[in-house]
Amino acid sequence: MKFGYKFSNLLGTVYNKGNILFTPDGNTVISPVGNRLTVFDLVNHTSVTLPIQSKYNIRRLALSPNGQILITSDESGHTLIINLTRQVVLGEYKFFKTPKSIVFSPNGAIIAIAVLEKVFLFKTPIIQKQPNPLVRLSVFTHKSSVISMCWSADSLKLMIGCKNGTLLIRQGKSERVSYFQVKGSGIINCFFGNEESTIAYAITPTGLVSWDYKTNEEMEEEKQERIENGEEIVVDQEKLEVITENQKLYKGRWIFKGFKKFENYGVKCKVKTVCFHLKSKLLLVGFSTGQFILYEMPGFNQLYKLNISSHGISTSAINNTGEWLAFGCSELGQLLVWEWRSETYILKQQGHSYNMNTVAYSPDGQTIATGGEDGKVKIWNTTSGYCYITFTEHEGPVTAVKYSPVTSQNVVFSAGVDGTIRAFDLVRYRNFRTFVSPNKTQFSCLAVDPSGEIIAAGSLDSFEIYVWSVRTGRLTDILSGHQSPVCELAFDPINPFLASASWDKSCKIWNIFEDREIRESIQHTSDVLTCAYSQDGKKFIVSCLDGTIQIYETSTWGQIGLIDGKNDIMGGRGYKDEILAKNNSAGRAFTKIAFTPNGECIIAGGNSKYICIYHIDQQVLIKKYSTSSNLSLDGITLDINWKRVGEFGHLDAMEKDFDSDDDLHQQNKEYLTGTSKGDLSKRTTKKKQKTTSISVSPTGRAWAVSTTEGLLIYSLDDFLFFDPTDLSIDINPETILLELNSKNYLKSLIMSIKLNEKPIIEKVFESIPFNEIQLVCQEFPIYYLKNFIQFLSGYFEKNHHLEFQMKWVKLISIYHGKYIKTNSLSMITSLRNLQKTITQTYNDISKVCDDNIFSMEYFKTVLLKELKSEEETNKLSKKSQKYKKYLESKKNKEENQFSDDEETVYQNNKKNKNK
């Protein structure tokens, strides 16, 4: 069993809070997920969570114009500078509060960061690790908190919008600062309206305010036009020629252009997010009703309007082409990418609205099923990280999901507290069968027998076990014997036994196929929390409330081991805990446990942030994983932060003042005296990090765990391998040819691929004998498979050794087809090129073969006709010859007869003469 598991991906959560970003190429969306970042590739349809964690939940993102430097800031003001290309942290910086806005200049040289009333200008860090990555250039202080900022296209002007409605445009230290004031409301966002930076926009809760920059010449022209039209104009020279302390004359000024109100503005419809796309002049406005409106500027023409979500839109973004619109909804955890011209979804992902309760791997390890408190069952693709189907038939929280062990059935079962067991067809995506009990009950666990024909579910309130037949849907048996809720069920993979664990300190083994009675009853000293069988059915483990894991041998049901893990699972101290974590007995037990496929180890987790891997035979802790370091969650640190403890208790336990910038004073108004309290179900306490379910992939190369943050996947890194060719042989053309002459075909081929010289690769490739191809393909390392397929796709186009090439393709597909299918997206270009070349070759050969077949058929018909004509002529000639012979014979006969007659006449005449 390998233990090089590393964090691979985070599923089940696509967006929490904060702003989302498009990369400069416009094909990727970066979304904050708790204290992590998830990158969604919209072209290849994949999602990857970066292996970087912030201290608290991330609230602000900014990306450099070249897409290399990513800056994140969390709730505490802790800022990370990340090299997005290499996914490493270059440095850290600490602000005293979360920045409201982080903006890179278009030339990528300066970063502007707004924190409360101050605006800091930093030099953009280089792509190297350094102790002080952010070098401060200057700082500006304002009278009110800064809400938004925007750079001009030439990176010379910086527009700053404040909370009190003040708008400023700064241009160098020695230049005059332009001030604007929006009376009666604050500013949500501000932008420059064109590349010349002569138009300024300010977005308020009610509408759009715009200003134009006019030079003295333009104002003189307007003055002359008005004079020609007969209008009287009073000109104030002091306003036209503003002179500063350095007696510098300015050539123009900003003039108020107008105010345009949003048409759907109202009491229940507030502006939540605004973004502007400079190239296409598009203004995107998102509202609290889930509706967005797309305007074309500067005419403020409405291009598009759509209600895209049932809750308010928290953030929005526009890609570089202006075609894709991205939206994030924090209340639903929803992320959407909409193409407004074709009116289609590019991306539509949503996690579970509440906690995730259960997780299960499919028999082939390609998909994962999850169930949550929101009553939904979701199916996730482990390769892409996307959820591709959601079942909403349950009317209550889902407590368990299980795949049918028979892969061909394509069925997933789910149990819920609504008293139903539902079977979902993964081919037609429908709920094709529902199992119910005679009495209304709540199901807590579920088990499916190895044949996929029998399912069993345990009850929370009636303490019974219900057994159904999958084929008929009928209830076949009700097993009674427990005196407390049944918390776990497990079928023996080999023998026809069912194990049940209950809080009554017992674990019972049932023979449901024969006598339907209790075969064994194992008593424990504390409540049983969970149980599990090994894959071979020879071992059985039980986890108890006292923190112990007991190991049994199924042949004799004797205990062969005991693991005391209460110190290993010990979590952190909650903000409401009055005693230290090491003295707190609550939560120091394993609630979920799973065997590895080889049966040598177990993976266990509980109500803490730790996941432990134990060896069964040696009964020792092999590895310990921490699922999160997010301090926004409860129970992460071993002790509480005493700085947050005041006279009246911990600050996290008190009702906080809402940030008025989020809802524009709406939440504050709901909490005024005499008004409604709003949504009473809204969470005001910190979530606690815990493990709710564990599932191991049948291949053993990955395992998934559902936690408070989402679904974490840990997998083996395929790039960690030992390659002897890197150590023993110098890779150059001479050594490659030497290995080839020594008939080390595989090693010479790998060395040539690593050298990456096409003539050498082609020479080695063509020198491999035809009967050695199968052995080379069978032992070919998967690390070089991508490069080899890329070589095959190019070689196939230029060369025409058809049988030789097709044998390579066939054997590579046979021996490494599963790996190619799993990692098809990483080599999709080479695979498509190879498929295209093979298809083109097939079509060409098919055409030639068809032409040859038609030609042969034509020649055959022509030959047959000629043969028939020859036969007919031969027959005619034979007949004519026979007829000629007949005539000749007849003539001869006639001549002979005539001669005979003449002879007789002559003789008679002679006789008569003699007479």
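These legends accompany close-up views of a predicted model.

Local features are described where pLDDT is at least 70, side-chain atom pairs count only at pLDDT 80 or more, and totals for chains, interfaces and linings use all residues. Residues are numbered from 1 along each chain as its sequence is written, and side-chain values use heavy atoms, with hydrogens and water left out.

**View 1. The whole chain holds 12 helices and 58 strands.** Both element types are DSSP runs numbered from the N terminus: helices are H or I with at least four residues, strands are E with at least two. Of the 915 residues, 48% are buried. Buried means under 20% relative accessible area, exposed means over 50%, and partly exposed lies in between (1.4 Å probe, protein chains only). The chain exposes about 46,700 Å². Carbon and sulfur atoms supply 50% of that area. Accessible areas come from the Shrake-Rupley method with a 1.4 Å probe; for residues, only the protein chains shown count as cover. Among contacts between residues at least 6 apart in sequence, 47% join residues at least 24 apart. A contact means heavy atoms within 4.5 Å.

**View 2. Strands β26 to β29 form an open antiparallel sheet.** The order of its four strands is β26-β27-β28-β29. Two strands pair if DSSP finds at least two bridges between them. At the edges are β26 (315–318) and β29 (344–350), each pairing on one side only. From one strand to the next, the twist averages 10°. For such angles, axes are lines fitted to C-alpha atoms, for helices over the stretch in contact, and values run from 0 to 180 degrees between N-to-C directions. Four antiparallel bridges link β26 with β27 (residues 324–329). T315 has G328 of β27 as its bridge partner.

**View 3. A second open sheet runs in the order β42-β43-β44-β45.** Its four strands pair in the antiparallel sense. Strands of a sheet pair through backbone hydrogen bonds, either parallel or antiparallel. The edge strands here are β42 (486–491) and β45 (517–523), and each pairs on one side only. Neighbouring strands are turned by 20° against each other on average, direction ignored. Between β43 and β44 there are five antiparallel bridges. A499 is partnered with I509 of β44.

**View 4. K505 sits in the loop between β43 (498–502) and β44 (506–511).** Its phi is near 70°, a positive value in a residue other than glycine. Most residues other than glycine have a negative phi, and most peptide bonds are trans. K505 is partly exposed, at 37% relative accessible area.

**View 5. Q619 also has a positive phi, near 55°.** Q619 belongs to the loop between β52 (610–615) and β53 (620–626). With a relative accessible area of 29%, Q619 is partly exposed.

**View 6. M297 and P298 are joined by a cis peptide bond.** Omega is about 5°. P298 lies in the loop between β24 (291–296) and β25 (301–307).

**View 7. Helix α8 (residues 758–767) has a buried face.** I760, I761, V764 and F765 are the buried residues. Seen down the axis of α8, they fall within an arc of 130°, so they line one face of the helix. The arc is that of the directions from the helix axis to the C-beta atoms. K758 and P759 are exposed, on the face turned away from the buried side.

**View 8. N189 lies in strand β18 (residues 189–192).** N189 counts as buried, at 17% relative accessibility. Its C-alpha atom is separated by 7.1 Å from that of I147, 42 residues apart along the chain. Leaving aside residues up to four places away in sequence, N189 touches S148, Y201, A202, I203 and V274.

**View 9. C275 and C612 are shown in a structure with zero disulfides.** A disulfide is a covalent bond between the sulfur atoms of two cysteines. The search covered the whole structure, and a pair of cysteine sulfur atoms within 2.5 Å would count. C275 is buried, with a relative accessible area of 11%. C612 is buried too, at 0% relative accessibility.
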